[in-house]
Amino acid sequence: MTSKDLKVFTLEEVAKHNKPDDLWIIVDSKVYNITRFKDLHPGGASVFAEEDIAGQDATEAFYGLHRHEVLLRPQYTRLQIGHIEGEGSVIYSRELGKLSDVPYAEPTWLSAGYYSPYFKESHRRLQTAMREFVDGVITPDALLHEEDGKRPSAHVIKAMAELNIHAMRIGPGKHLKGLTLMGGVVSPEEFDYFHELVCIQEISRCGQRGYGDGLQSGAVIGLPPIMNFGSPELKSKIIPEVLSGKKFICLAISEAFSGSDVAGLQTRATKSSDGKYWTINGTKKWITNGTFADYFTVGCKTDTGFTVILVERSKGVETKPIKTSYSSSAGTAYVTFENVKVPVENTLGPEGGGIFVILSNFNHERWVMCASSARGQRLIVEECLKWINQRKAFGKPLSSLAVIRSKIAAMISRTESVQSWLENLTMQMCNMTYKEQAQKLAGPIGLLKMHATRCAQETATDAVQIFGGRGITKTGMGQYIEHYHRTIPFDAVLGGAEDVLGDLGVRQAIRQMPKNARL
């Protein structure tokens, strides 16, 4: 029914339609004729037989059971026949492209009336453009493919490339020179790590963890070693292919034999007698984007130590999907290298110097994960605040219960602590060279990641308790909570386990202890 066909009713007129063969209800001042729909209702027809539902305002009951987006689906919008005289709709959900006005749903710098020393007008312009793009282009695709397990759609990858989002996600640097970023809202010269932070956190808002990793995260962690340590020939070929979305790359370090212990890897590269090529044999496991990658940045053992080599998908390279607890759209793979020949020109950094290549790359990778974790926690805070305001238990809103408010307080505190520490380290990155970052920030970033992922897991647990059964149900009111709780361990493992990173941070601090310091 079109808007011009909608009629105006009084509450008294609606109340007359309260029989099974003539059944109307009111939701947020809109009048719906559900006579034919009631028998198709997933929860059964009996729920409409209650005295406070049939012919009545069922707004409170509806929002205790359904998300607002249900009413926006075509099969339900056509059930609307009118609205209540003198009343207008007052309820809304997430508005596409807009900032949320739910407390703590946005970081402080995006909250009305608050200030930040880090973010400038260019960051705000980029945030506005990114949110519109993510809500309009990425999120619909994410919701689809997180469920069906297919890789992100080609049209999304292409749209991101046209706006140079892939390039911005790699961070500031020479690769941005001459590019028009996000339609020109920020210039390559002023682009800094806070701009990259904006890109990361806006994309994370889609709330689909597997899809998010499938969306060129392999390039975020697999391309920097080429940019920082590759030959000019490699850079000129690989970087444009990947940033244009025409080719895909992944970082292949972890093995079944060794995860966080990079020095214990067993994949071996043997140099030919004439010194012209490497022959690589071995396996890699849990490689994000591996199933559809064209290039692999591979950590190998060589006669001179640990070496990083770029491998192109070719004869002897095989990938098999690994089923994990998040979506196959991430392209998580088991990779096999069997007598794969690679030109020595594909060596990244000095032969035997791969540890520095990888460890310096880990800083950016872990920082990206911290940024994503901070935003993910904020999404859960927003979901929980909405839920406790609309859900009633024991005859009153959940928000009236002190135990619930205590959980929310802890969730907010954790989220804000992660964001604040993240912004502090981002400022350091903006003022350090790549080499200085590698030397000084490995420990602090490791500690932040440990803190962020532990906070995230506590928040996930609290959120499930707040949502109850809905928090462990894949659809409906608690769908984001269930997904978050199921997939949050990924952040705690990928890029280095919590205990390993915490130990890294403390060991770095101990090395910096002045020898004459005493109590």
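Which residue has its charged end over the ring of Phe 248? In this predicted model, that residue is Arg 151, with its charged end 4.7 Å from the centre of the ring. A second arrangement of this kind involves Arg 366, which lies over the face of Phe 362 at 4.3 Å from the ring centre.

Rings also meet other rings. A pair of aromatic rings is described by the distance of the centres and the angle of the planes. Searching the whole structure turns up 12 aromatic pairs. One of them brings together Tyr 118 and Phe 194, whose rings are stacked, with 5.2 Å from centre to centre and 15° between the planes. This pair links distant parts of the chain: Tyr 118 belongs to the loop between strand S5 (80-84) and helix H4 (121-148), while Phe 194 is in helix H7 (residues 193-204), 76 residues apart. As for exposure, Tyr 118 has a relative accessible area of 21%, so it counts as partly exposed, the cut-off for buried being under 20%. Phe 194 is buried, with a relative accessibility of just 2%.

Phe 194 also pairs with Phe 119, and here the geometry is edge-to-face because the planes stand at 70°, with the ring centres 5.1 Å apart. Phe 119 sits in the loop between S5 and H4 and Phe 194 in helix H7, so this pair ties together parts that are 75 residues apart in sequence. Both Phe 119 and Phe 194 are buried. Put together with Trp 109, the residues Tyr 118, Phe 119 and Phe 194 make up one aromatic cluster.

Turning to polar residues, Asp 274 is found in the loop between strand S7 (268-271) and strand S8 (277-287). Its relative accessible area is 46%, so Asp 274 is partly exposed. The side chain of Asp 274 has a polar contact of 2.5 Å with the side chain of Ser 272. A polar atom of the Asp 274 side chain also lies 3.1 Å from the backbone nitrogen of Lys 276.

Another loop, the one between H4 and helix H5 (154-162), holds Ser 153. Is Ser 153 buried or exposed? It counts as buried, because its relative accessibility is 16% and the cut-off is under 20%. Setting aside neighbours within four places in sequence, Ser 153 is in contact with Asp 141 and His 145.

Conventions:
Residues are numbered from 1 along each chain as its sequence is written. This is a predicted model: local features need pLDDT of at least 70, side-chain atom pairs count only at pLDDT 80 or more; totals for chains, interfaces and linings use all residues. Side-chain values use heavy atoms; hydrogens and water are left out. Helices (H or I, at least four residues) and strands (E, at least two) are DSSP runs, numbered from the N terminus. Buried means under 20% relative accessible area, exposed over 50%, partly exposed in between (1.4 Å probe, protein chains only). A polar contact is a pair of N or O atoms within 3.5 Å; within protein, one must be able to donate a hydrogen and the other to accept it, and residues adjacent in sequence count only if both atoms are side-chain atoms. Rings of Phe, Tyr and Trp (its six-membered ring) pair if their centres lie within 6.5 Å; planes under 30 degrees apart count as stacked, over 60 as edge-to-face and the rest as tilted. A charge sits over a ring if NZ of Lys or CZ of Arg is within 6 Å of the ring centre and within 35 degrees of the ring normal. Contact means heavy atoms within 4.5 Å.
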